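I opened this entry to keep track of what I looked up, one topic at a time. Cysteines come first, then helices, loops and backbone geometry.

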Amino acid sequence: MEREQLEVDVLFVGAGPASLGGALHLSRLVGKHNEAVKSGQHSGQGLGDLTLLVIEKSRGIGSHALSGAVVDPRAFDELLEGFDGETPPYDSPVEDDALYILSKNKSFRSAITPPPLRNHGYYVASLGRLVKWMAELSEKNGIDVYPEFPAVELLFEGDSVIGVRIGDKGVDKDGNPKLNFEPGIDVLAKVTVLGEGPRGTLTLQAERRLNLNEGRHPQIYSIGVKEIWQVPRDIQPGLVYHTLGFPLGTQEFGGGFIYTMNNNLIDLGYVVGLDSENPCLDAHHLFQEFKTHPFIREILEGGKVLSYGAKIIPEGGYYSMPRFYANGLLIVGDSAGFLNAQRLKGIHLAIKSGMLAAETIFEALLKGDYSAATLKSYQDRFEKSWAKGELWRVRNFRQAFQRGFWSGMFHTGLQFLTNGRGLKDPLSTMPGHARMKKLKDYFGKPDAECETMPFDGRLTFDKLTDVYFSNTAHEEDQPCHLKILDFDICHNRCTREYGNPCQHFCPAHVYEMVEQDNKARLQVNFSNCVHCKTCDVMDPYQIIVWTPPEGGGGPDYKNM
Ligand code: SF4
């Protein structure tokens with residue numbers, strides 16, 4: 001098939017804080033250099049008018065970034081030094097923070113807020129709004145930003161990345177071209193920067209083909225499930241509360257969060273480790289249960305849900321980061337594991353990684369050399385940066401919680417006193433799916449059934465209702481973007497051994513066992529998918545592969 005080609009200088013895949021931060025920083029470095037050459041301050045050659053392109057699979061920029069987050073402004077402050085008068089559209093400064101411990105019916109506020117959860121000097125912000133604003137600033141600075149451009153394949157010449165292929169449009173569910181068929185174009189670039197978010201499709205392709213995970217620990221993920229509520233009374237914006245306890249026991253890693261924003265908005269959610277032994281683990285149900293606690297119920301009294309979403313969080317930290325450079329390639333943000341799980345923060349690290357990548361690309365452009373030998377200085381820059389310092393101090397944090405809650409707390413204390421070292425450094429790690437136990441091993445009987453809970457439609461919602469709140473939509477007549485590599489395993493082995501846990505761990509009711517010819521068959525309701533990627537991480541046989549659907553598909557979170 002003939003495909004159009006588009007040549008750019010630098011391509012950023014995914015319009016999140018890492019890519020947009022990188023593109024903005026690069027545009028400024030290039031602009032400053034060109035001015036210095038023009039004015040004679042610099043004797044070298046100008047770089048001319050470079051084409052910097054950011055592509056994004058979602059319908060609009062920010063559509064896949066769900067509202068509330070607490071932002072450490074450090075990286076934004078550095079990024080915006082070169083952009084006079086520009087300030088991020090934060091929602092409100094943090095006014096109070098606290099840790100609450102929840103038992104089944106009671107709550108108490110911890111006398112001290114643990115240092116990693118102290119947020120004074122930070123801001124509550126809508127991530128969707130921040131990303132949209134960064135994209136607008138990028139366009140003002142000559143960067144092209146294209147939504148509905150899903151990159152489906154990395155293009156290689158030998159071991160060098162030369163660009164990406166965009167997915168075809170107008171293909172029917174059987175793979176045949178429809179009347180509106182448009183073949184995806186190939187975007188060719190001197191350097192391709194992957195900032196696709198956690199478990200990026202192209203990042204996985206690069207990791208496998210170029211062996212970027214060699215010598216690294218497996219990544220550990222959690223899932224964050226959240227809703228944005230609006231309540232009918234005045235609440236102070238800028239309250240940041242984290243919770244431990246109910247409804248989780250001491251076997252799983254996780255906890256809740258409540259952030260308040262202007263217009264009486266409450267951003268609340270629940271984070272659960274995707275390395276649980278429980279084959280019935282259902283983060284959506286745990287979150288619904290969380291809201292029934294008297295402490296949370298009171299906060300939400302009389303309110304209504306405005307939005308719902310879910311996303312995996314890469315928590316493995318320093319030892320789980322892949323090699324994030326190769327010939328023609330850099331990996332930034334969540335795709336490379338730039339996230340501090342102890343502080344539950346990644347936006348500042350994502351932006352910083354984008355900036356370090358930009359400085360490296362600038363150097364490569366001056367040299368005209370885009371090989372791994374030159375791009376390796378991204379790694380060197382990271383090792384000398386505050387981002388490394390921050391991640392180094394928590395390098396064994398999440399690993400300790402694979403040994404249970406109390407062990408995790410004990411190790412965290414020791415790590416705090418030893419600059420992250422703890423009792424053993426590094427602590428070993430298992431991939432999450434490998435920790436899941438079979439029904440008979442977890443419950444002591446092979447035919448154990450997972451518990452469900454009733455939903456009242458006011459405080460608690462079933463998955464389909466929540467999918468409605470996420471504004472998720474996909475073209476129905478297209479190939480299913482969730483590739484099941486072996487249905488036979490689903491229908492036989494998995495049913496027997498794990499009870500088809502995809503029905504539980506998916507927070508959007510995509511996987512459903514239905515009766516067909518007196519047999520239970522897996523039905524994949526792909527149009528519900530909120531792109532959280534939990535199935536790709538958690539499936540015990542690793543036979544579910546998440547791929548990008550046709551451009552524009554997925555959630556359309558409201559940017560409040
Ligand atoms: Fe998340 Fe997979 Fe369910 Fe989509 S199908 S919502 S990626 S778990």
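**Cysteines**

I began with Cys280 and Cys450, which form a disulfide with their sulfur atoms 1.9 Å apart. The model is a predicted one. How many disulfides does a search of the whole structure find? I got 1.

I then checked what the pair connects. Cys280 sits in the loop between β17 (265-273) and α5 (283-291). Cys450 sits in the loop between α14 (439-443) and α15 (463-469). The two are 170 residues apart, so the disulfide links distant parts of the chain.

Next came handedness. The S-S torsion of Cys280 and Cys450 is about -75°, so I noted the disulfide as left-handed.

Is Cys280 buried or exposed? Its relative accessibility is 12%, so Cys280 counts as buried. Cys450 is at 22%, and therefore counts as partly exposed.

I also looked at Cys502. Its closest cysteine sulfur is in Cys494, 6.2 Å away, so there is no bond: the distance is too far. Cys502 is buried at 7% relative accessibility. Cys535 is buried as well, with a relative accessible area of 6%.

**Helix packing**

I took α1 (residues 17-38) and α3 (residues 127-140) as my first pair. Their axes lie 10 Å apart, at an angle of about 25°. Angles under 35 degrees count as roughly parallel, so α1 and α3 are roughly parallel to each other. Their crossing is left-handed.

Which residues of α1 meet α3? I listed Pro17, Leu20, Gly21 and Leu24. On the α3 side, the partners are Leu127, Val131, Met134, Ala135, Leu137 and Ser138.

My second pair was α7 (347-367) and α10 (residues 386-393). These helices pack at about 140°, with axes 10 Å apart. That angle makes α7 oblique to α10. The crossing of α7 and α10 is left-handed. His348, Leu349 and Lys352 from α7 meet Trp386, Ala387, Glu390 and Leu391 from α10.

I looked at α4 (residues 201-210) for burial. The helix is mostly covered, with 7 of its 10 residues buried. Those buried in α4 are Thr201, Leu202, Thr203, Leu204, Ala206, Glu207 and Leu210.

**The loop after α7**

I moved on to the loop between α7 and α8 (372-375), where Gly368 has its place. Gly368 has a relative accessible area of 49%, so I recorded it as partly exposed. I compared its position with that of Ala473. They are 105 residues apart in sequence, and their C-alpha atoms are 43 Å apart in space.

Ser371 lies in the loop between α7 and α8 too. At 23% relative accessible area, Ser371 is partly exposed. Its side chain makes a polar contact of 2.8 Å with the side chain of Asp369. What separates the C-alpha atoms of Ser371 and Gly328? I read 5.9 Å, for residues 43 apart along the chain.

**Asn119**

I found Asn119 in the loop between β6 (107-109) and β7 (123-126). Its relative accessible area is 0%, so Asn119 is buried. A polar atom of the Asn119 side chain lies 2.9 Å from the backbone oxygen of Leu117. Leaving aside neighbours within four places in sequence, I noted contacts of Asn119 with Val70, Val94, Asp97, Val240, His242 and Lys345.

**Backbone geometry**

I ended on phi and omega. Most residues other than glycine have a negative phi, and most peptide bonds are trans. I looked for departures from that.

Arg199 has a positive phi of about 55°. Arg199 lies in the loop between β13 (186-194) and α4. It is buried, at 15% relative accessibility. Just after α4, Asn211 also takes a positive phi, about 60°.

Asn471 has a phi near 55°. I placed Asn471 in the loop between α15 and β21 (482-484). Its 33% relative accessibility makes it partly exposed.

Which peptide bond into Pro247 is cis? It is the bond from Phe246, with omega near 5°. Pro247 is in the loop between β15 (239-245) and β16 (254-261). The bond from Asp425 to Pro426 is cis, with omega near 0°. I located Pro426 in the loop between α12 (405-417) and α13 (432-435).

Definitions and conventions: Residues numbered from 1 in each chain as written. Predicted model: local features only at pLDDT ≥ 70, side-chain atom pairs only at ≥ 80, totals over all residues. Heavy atoms only, no water. Helix = DSSP H or I, 4+ residues; strand = E, 2+ residues; numbered from the N terminus. Buried < 20%, exposed > 50% of the residue type's maximum accessible area, 1.4 Å probe, protein only. Polar contact = N/O pair within 3.5 Å; in protein donor to acceptor, adjacent residues only side chain to side chain. Contact = heavy atoms within 4.5 Å. Disulfide = S-S within 2.5 Å. Axes fitted to C-alpha atoms, helices over the stretch in contact; angles between N-to-C directions. Parallel < 35°, antiparallel > 145°, perpendicular 65-115°, else oblique. Left-handed = near helix turned anticlockwise from the far one by under 90°.
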